[in-house]
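Hi everyone, thanks for making the time. I'd like to walk you through a structure and point out some of the packing and pairing as we go. Have a look at it first, and then I'll start.

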Amino acid sequence: MSPTIITAPPSSHFEEQVAPALMVRGYWGNVLFRLRHDRVTVFFGFILLLIILAAIFAPLIAPFDPYKESVIGRLKPFGWRSHPLGTDELGRDLLTRLIYGGRISLLMGVVPVCIATLVGGTLGVIGGFGGKRVNTVIMRTMDVFYAFPSVLLAVAISGAMGGGIANGMIALSMVFTPAMCRIAETATTQIKNLDFVEAARATGAGTFTILRFHILGNVLGPVFIYASSLVSVGILLASGLSFLGLGVKPPTADWGLMLSTLRQSIYINPEICALPGVAIFITSISFNLVSDGIRAAMDVRM
Amino acid sequence: MVPLVEVNDLTVRFVTREMTVHAVNGVTFSVSPGEVLCILGESGSGKSVTLRALMRLLPPRRAQITGSIRVDGEDVLALDAKGLRHLRGGLVSMIFQEPMTALDPVYTIGHQIVETIREHKGGTHAAARARALELLELVKIPSPERRLDNYPHELSGGLRQRAMIAMALSCGPRLLLADEPTTALDATVQIQVLILLRRLQKELGMGTIFVTHDLGVASEIADRIAVMYAGRIVEEGPVADVLAAPLHPYTRGLLASTVHGQSRDHDIDAIPGSPPDLRIVPTGCAFAPRCGMAIPQCRAGIPEERHPSPGRMARCIRVDAPVPAYA
């Protein structure tokens, strides 16, 4: 990538030594420019877009009713009687169920991350900027949650509260909040000791202004990047919960649940059993690679 | 003339559980409006701490400040939070050493200057932006309209420091504090920034306190020089007099240790030893252990101020005595 060089007009003062200026494209202009030239990100972004669109318009594009069962058409192979991806153990169309299942998976990936970003991010900034005591209270509380492996914690919380989408989301939010809080806290403590915060104080900025302008502006980047990488973890964890019977209840279509019920048929029709796993894999790796691409594009120092 | 800044017997101590660091030990000086005072000293001599104390930028819990600081008649040490916000940026503003880290990397410099102006004076975004443009022109940043929308990393070190100066001037301060503003710059850019600062200071009639460890910079910009050592001003006077005829052995040592056309095979006369540990309160002259002219009386007590001629001061008991060349 070669930046456009514009040389400023010659100046009359000897003290004005002019350096060539980068053409101003604006921050987001630069990010977009870099993203467009990153083929991997563009490709997986496209796949992600397809998955998201399919989830949103599921009733319009799905070829069958996701709950329509058939006794004779169970576990049929790809292409059987206009079922492009075959049927599941109750004779329901697999493609339809995969499309509908994407809705739950995306919801379970995105919503808990948003909640965790909001709650954890706020707590982290307060903990990082506040005094020693505030920091200790917040961060040690978060450490308690950290002590459990994330899967175990999610299982425990949704196990205690019972299954269902809402409880699953609450469980995942609680799993993600400590990590989010830690990221925000680390970024805040690093930034609050930098010269520009002191410089802001020296120009008379109050605590609120420093928080709103300098801290938030600098913390948002790392928090956003981490959040985007958490989405794929959320999808995996949600699928795991459903697989264990702690998430979505049947007959709702969900990739984790489908994987769990189809598992018993693995010797009858293995390619169909693998499909929900493939869907989880593709979605999660797309989120990961796109978030990596955005992280690279957003780094102003590169 | 009424002085713009009056600092009287300022002491700053940093207290932690393990130790107390006596960073500044009784500093007294004043600056008139439109005057440039240069505080000269090596690392750890307390010059930056003195500067930050003037704006109460030191961590309030750990730093104990005593003495008195008056800026434009206001008692800085007695100000509440609101008064401090008015003082900082409005009456006094500061230029920092590292223009790379003293500007927020995620905002354009225009955005940062606008934010500072609106914080103090309110007004519309457009008005503040117009003022920001004026400021960039004032500090001679080429093609200022475009530079307003540049991020700090897109500017060279010299331009960044100019942007920093523009931000410091944004609210029309009467006192400018500069903490080694040219140390991080190339030699050629250094002199440009110094010339700019000197011109702005004259045009705007700002009193300026300029902290540096560079004698060349001091001679370029200062009206008066105060030499600090171990948290005390050991010598003070008009710049030409101090540089031509230093009174204190430390100042003489500093002058001797610069490059000034010695022959190549001649070693530079460095001052032997290193600065004292400020965790221990010195009982005598703090420079005595490194001083080639020290006599037993030097260690007896802290030397009083001596004024051998009007406007000059030195804290050395041998000032009035004829002194041989620094060994």
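**Helix α8 of chain A and its surroundings**

In helix α8 of chain A, the buried residues are A:Phe196, A:Val197, A:Ala199, A:Ala200, A:Arg201 and A:Ala202. Before I go on, please keep in mind that this is a predicted model. The helix spans residues 195-202 and is mostly covered, with 6 of its 8 residues buried.

So what covers those buried residues of α8(A)? From chain A, the cover includes α7 (165-192) and α9 (207-243), and chain B contributes too, with α2 (81-91) and β6 among the elements involved. Just after α8(A) comes A:Gly204, and its phi is positive, near 90 degrees.

Let me step back to chain A as a whole. It has 11 helices and 2 strands. Starting at the N terminus, the two strands come before the helices, in the order β-β-α-α-α-α-α-α-α-α-α-α-α. Of the 302 residues in chain A, 39% are buried. And if you take the contacts in chain A between residues at least 6 apart in sequence, 66% of them join residues at least 24 apart.

One more residue in chain A, please: A:Leu153, which lies in helix α6, residues 150-161. Is A:Leu153 buried or exposed? The answer sits in between: a residue needs 20 or more C-beta neighbours within 10 Å to be buried, and A:Leu153 has 19 inside 10 Å, so A:Leu153 counts as partly exposed. Leaving out residues up to four places away in sequence, A:Leu153 touches A:Phe145, A:Phe148 and A:Val175. For a sense of distance, A:Ala184 is 31 residues from A:Leu153 along the chain, and their C-alpha atoms are separated by 21 Å.

Now over to chain B, beginning with strand β6, which we already met as part of the cover on α8(A). Here is a bit of background: side chains in a regular strand alternate between the two faces of the sheet. In β6(B), residues 92-95, both faces are covered. B:Val92 and B:Met94 are buried on one side, and B:Ser93 and B:Ile95 are buried on the other.

Which strand does β6(B) pair with? The partner is β7 of chain B, residues 175-179, and the two pair in the parallel sense over 4 bridges. Within that pairing, B:Ser93 stands opposite B:Leu176 in β7(B). Zooming out, this pair belongs to an open sheet of 7 strands in chain B, in the order β6-β7-β8-β3-β9-β10-β11, with mixed pairing. The edge strands of that sheet are β6 and β11 (313-314), each of which pairs on one side only.

Chain B has another open sheet, this one with 4 strands in the order β2-β1-β4-β5 and antiparallel pairing. The edges here are β2 (20-31) and β5 (74-75), each with a single partner strand, so one side of each has no neighbour in the sheet. Helix α1 of chain B, residues 47-54, packs on this sheet, touching β1, β2 and β4, and its direction makes about 65 degrees with that of β2(B).

Inside the sheet, β1 (residues 5-15) and β4 (residues 63-71) of chain B pair in the antiparallel sense over 8 bridges. If you want to find the register on screen, B:Phe14 stands opposite B:Ala63, and B:Asn8 has B:Ser68 as its bridge partner in β4(B). On to the next pair: β4(B) and β5(B) are antiparallel over 2 bridges, and B:Arg70 is bridged to B:Asp75 in β5(B). The hairpin they make has 2 residues between the strands, and B:Asp72 there takes a positive phi near 55 degrees.

Last stop: a pair of helices in chain B. How do α6 and α7 of chain B pack? Helix α6 (residues 157-169) and helix α7 (residues 187-204) meet at an angle of about 20 degrees, with their axes 10 Å apart. The two helices are therefore roughly parallel to each other, and α6(B) passes α7(B) in a right-handed crossing. On the α6(B) side, the contact includes B:Gln161, B:Ile165 and B:Leu169, while B:Val193, B:Leu196 and B:Leu200 are among the residues from α7(B). By class, the contact has 7 nonpolar, 4 polar and 1 charged residues.

Thanks for listening, and I'm happy to rotate the model for anyone who wants another look.

How values were computed
Residues are numbered from 1 along each chain as its sequence is written. Chains are lettered from A and ligands numbered from 1 in the order in which they are written. This is a predicted model: local features need pLDDT of at least 70, side-chain atom pairs count only at pLDDT 80 or more; totals for chains, interfaces and linings use all residues. A residue is buried if 20 or more other C-beta atoms lie within 10 Å of its own, exposed if 12 or fewer, and partly exposed in between; C-beta atoms are placed from the backbone. Two strands pair if DSSP finds at least two bridges between them. Two residues are in contact if their C-beta atoms, placed from the backbone, lie within 7 Å. Axes are lines fitted to C-alpha atoms, for helices over the stretch in contact, and angles run from 0 to 180 degrees between N-to-C directions. Angles under 35 degrees count as roughly parallel, over 145 as roughly antiparallel, 65 to 115 as roughly perpendicular and the rest as oblique. A crossing is left-handed if the near helix is turned anticlockwise from the far one by less than a right angle, and right-handed if clockwise. Ala, Val, Leu, Ile, Met, Phe, Trp, Tyr, Cys and Pro count as nonpolar, Asp, Glu, Lys and Arg as charged, and the others, Gly among them, as polar.
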